[in-house]
Amino acid sequence: MNLKEEERRARLLKMRAERLPDIKKQFEEAQKRNFNSNFAPGGKDEALVRGKTGAKVKKPTRTTHGGSATATGKNPVAAKAAKAATTKATKTTKASAKAAAKTEAEQRKVNLSVSVKKGEMVHHQRMLSQDVNAQATQHIIGIPVNKSRYNGYNGEQVTNAKIKSARPDPDAVRVIPIGGLGEFGIGKNMTIIEYKSEMIVIDMGVLFAGEDYPGVNYMIPDIKYLEDNMSHVKAILFTHAHLDHIGACRHLLPKFSPLIPIYGTDFTIGMIKKQMSELDDAPDMNYQVVDPLKHEKFQVSEHFSVEFIHTLHSIPGNTAIVVRTPNGLIYLSGDWRHEENPMGIQTDYERIDEIVKKEGIDLMLNESTNIDSPGHHPHSEFDVGESLGSVMDHYANGRVIIACFSSQISRIELILKEAAARGRKVAFSGFSMINNVEVALRAKAIKVPKDTIVKMEDIIKLPDERVCIVCTGSQGEMNAVLNRMITGAHKFIKIKSTDTIVFSSNPIPGNEPHVVNTVDGLLREGAQVIQNGKTHLTNIGPLHLSGHAYYEDHVDFVTRTHPTNYMPYHGEFYMLQHNAEMAENVIGIPKDNILIADDGDIVELTKEKKIRKCGRIHAGNKLYDDADQPVHEAVVKDRIHISREGIFVIVLTLNKKTGHLMKTPDIVSRAFIYLDNSEELIGKIRHYLRQKTDKSISTDPEMKVLKEEIKEDITHILFDATGHTPIVIPVINKV
Ligand SMILES: [Zn+2]
Ligand SMILES: [Zn+2]
């Protein structure tokens, strides 16, 4: 072992020894927290504990529910016999008809000369259709599986019958999430709060569809329930301007009366207006700009009053919303993070504390995004700014290109500051980037150093060491600016080996392969790439700060606000579950006061300040493509099917009178087999079709049956040859 290695080891050991007391303390703290509460009284595993201590758990035996024949009042034996007789009679008629049809079919039968049994094909088709359904409907919610101990039914799966028999409390305030809970990916956030015939709506977000949905760009909540109760809607509120909260506005807002007030902060309303202006005939809506620091209470209906609370997140004009209802105060956290040393104004903890002290929070809806991230936020936005500055110092002779989310206005402000301090000019590239900076400037949400921003076409005239470009594409999006700079498709910039590209972001789960692809492309051009989270490669970091609170931030906040009832929202199912566990195990909120709801669940807040689930409304998705046009679920299923198995079209020209084949059938294969290489199979199919159309038929019903049989037989022949079942479409022309 050389000296250096020894030194390194010694250093490591020393570091570990120094950290040990800390780790031990953390572990002890964790021990104090009652993590095994499934075994606590009321927990779903309580019986196991009781079993140990001797108390017997009575198992229901089969005989209790066995029900003998005499149990029913009437004469069951006679009824049974009569029923059997009728069934038998119908069966006989059906059977004879079936037999007749069978002989006809038999007559038309052609030897397919296949070795694979039909049953195998049917099995393949069934499995395929299950796969396609699972892929295309993962977000579509009927009655979702939810057997969490916080599901509101003591861990039992709710049934249709239970939902139907639910008796709503007419005096309850109803909280109904219609999007954003327990989905695959975070998005399409939307919540309704309802009391008697008054409703308020909070947020209207989109969810960007993953690759599982071919040709679908994004989805929005299905608002059938609101459309059925339009006259009840009294106000629409927006917490902040991220697309998972406002992205569905251009589809949904036009459905509402233009008289309904729409509340949001300056920046949020600005972003909504910008989005609406993209519509051909944007309706004139009743926008109401709110300054949360004024602590105004807006009486939006007879029974609802709302107040916006300034909180920190990764976008200007971010808020939480307090709704005062006849049954108590509801706090919707929106998205938030805690920062000791924020760039802008600190979260309005003073106002929150005042509300908690004077009124108390009866129900809190708290976001769940980063509940799986341990500890507190490890650094601040200023650290990110410093890192970006040091990139400009380290790579002082070349262009610095920074990719980040276009809504990161504070980050952009920091970049401008760091660039100005080093004599660099900044240009923005990307449609959403330019849009957002414009809105931020108008809402005075960003401070810009003098003479720093220049246009793209002007910055390329400057020497490299004075160039800084801020662009979109940090998620590896194929058509975003960064990728276009690599391929040379960008109007002004082509990446060169002296460029330094900074990813001031983290890949959103699911986007990792695309980001890797972009990074590879940049490296192939010889550029320097600096990514957040890879400090060991360049010694530069951190380069990003998440907009969402970490676990201990949540612990602190919920401890501070001690709500009576707690409902995690804004998260995938595991996040909601972990958030609920935090509330019970760490904060000590009783299990019965915590609910994990799904989109469409009706959560009642009663006069007694209890929460319970009571029924469901229709919830679901509307899918859209990248031209903002709706895509039907059936189309998505077809696309998935075709992408796996392909499509096979046969065009037959038959004699109108005899049904005989008039000419060689046309065959089209797409996404299945390449026809030029499949002569033998095509010959077999042609031979089959000639035989099949040998018999004389002429009526339309006969043609229909023929078409079905051809479809089935061809599928069988194709499956026999290839192991795949493409969508087979026989087209019959009669001449
Ligand atoms: Zn957000
Ligand atoms: Zn969000």
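A disulfide is a pair of cysteine sulfur atoms within 2.5 Å, and I begin with that cut-off because the cysteines were my opening query.

**Entry: cysteines.** I am working on a predicted model, and I searched the whole structure for disulfides and found 0. I then took up Cys404, whose sulfur has its closest cysteine sulfur in Cys471, 8.1 Å away, and therefore too far for a bond. I noted that Cys404 is buried, with a relative accessible area of 2%, and I recorded Cys249 as buried too, at 0%.

**Entry: confidence.** Before going on I looked up the pLDDT, which averages 88 for the protein, with 87% of the residues scoring at least 70. I marked residues 52-82, over which pLDDT stays under 50 and for which the model has 3 contacts beyond four places in sequence. Where pLDDT is low, the predicted coordinates should not be read in detail, so I leave this stretch out of the entries below.

**Entry: zinc ion (ligand 1).** I listed the donors as His240 through NE2, His242 through ND1, His313 through NE2 and Asp335 through OD, at 2.1 to 2.3 Å. Along the chain I read their spacing as H-x1-H-x70-H-x21-D. I then asked which arrangement the 4 donor atoms make, and why. Their angles run from 89 to 167°, and the arrangement is therefore irregular. For the tetrahedral label all angles would have to lie between 85 and 135 degrees. I placed His242 in the loop between strand S6 (233-237) and helix H7 (243-246), and Asp335 in the loop between strand S12 (328-332) and helix H10 (349-358), so that this pair, 93 residues apart, links distant parts of the chain. I have His242 down as buried at 14% relative accessibility, and Asp335 as buried at 1%.

**Entry: zinc ion (ligand 2).** Here I found the protein donors to be Asp244 (OD), His245 (NE2), Asp335 (OD) and His570 (NE2), lying 2.0 to 2.2 Å from the ion. The sequence spacing that I wrote down for these residues is D-H-x89-D-x234-H. The 4 donor atoms subtend angles of 94 to 157°, so I again record an irregular arrangement. Both Asp244 and His245 are buried. What I wanted to know next was which residue coordinates both zinc ions. Asp335 does so, bridging the zinc ion (ligand 2) and the zinc ion (ligand 1), which lie 3.4 Å apart.

**Entry: salt bridges.** I counted 34 salt bridges in the structure, and side chains of opposite charge can pair when their charged atoms come close. I looked up three pairs and one network in detail.

In the Lys118 and Glu712 pair, the closest N and O atoms are 2.1 Å apart. This pair links distant parts of the chain, with Lys118 in helix H4 (residues 118-136) and Glu712 in helix H22 (residues 700-722), 594 residues apart. I find Lys118 partly exposed at 39% relative accessibility, and Glu712 partly exposed at 36%.

Arg644 and Asp131 meet through their side chains in a salt bridge of 3.1 Å, N to O. I located Arg644 in helix H20 (residues 633-645) and Asp131 in helix H4, 513 residues apart, so this pair too joins distant parts of the chain. Arg644 is partly exposed, with a relative accessible area of 35%, and Asp131 is partly exposed at 39%.

For Glu438 and Lys274 I noted a salt bridge with the closest N and O atoms 3.1 Å apart. Glu438 belongs to helix H13 (residues 431-442) and Lys274 to helix H9 (residues 266-276), distant parts of the chain that lie 164 residues apart. Glu438 counts as partly exposed at 33%, and Lys274 as partly exposed at 22%.

The network that I traced links Glu307, Arg324, Arg351, Glu354, Lys358 and Glu359 by salt bridges.

**Entry: Ser546.** I placed Ser546 in the loop between helix H17 (535-538) and helix H18 (551-561). I then asked whether Ser546 counts as buried or exposed. At 18% relative accessibility Ser546 counts as buried, because the cut-off for buried is under 20%. Leaving aside neighbours within four places in sequence, I found Ser546 in contact with Arg337, Asn370 and His377.

Technical notes. Residues are numbered from 1 along each chain as its sequence is written. Chains are lettered from A and ligands numbered from 1 in the order in which they are written. This is a predicted model: local features need pLDDT of at least 70, side-chain atom pairs count only at pLDDT 80 or more; totals for chains, interfaces and linings use all residues. Side-chain values use heavy atoms; hydrogens and water are left out. pLDDT is the predictor's confidence in each residue, from 0 to 100. Contact means heavy atoms within 4.5 Å. Donors are N, O and S atoms within 2.8 Å of the metal (3.2 Å for Na, K and Ca); water is not among the atoms, so sites may look incomplete. Four donors count as tetrahedral if all angles lie between 85 and 135 degrees; four count as square planar and six as octahedral if opposite donors are over 155 degrees apart and all others between 65 and 115; anything else is irregular. Buried means under 20% relative accessible area, exposed over 50%, partly exposed in between (1.4 Å probe, protein chains only). A salt bridge is a side-chain nitrogen of Lys or Arg within 4 Å of a carboxyl oxygen of Asp or Glu. Helices (H or I, at least four residues) and strands (E, at least two) are DSSP runs, numbered from the N terminus.
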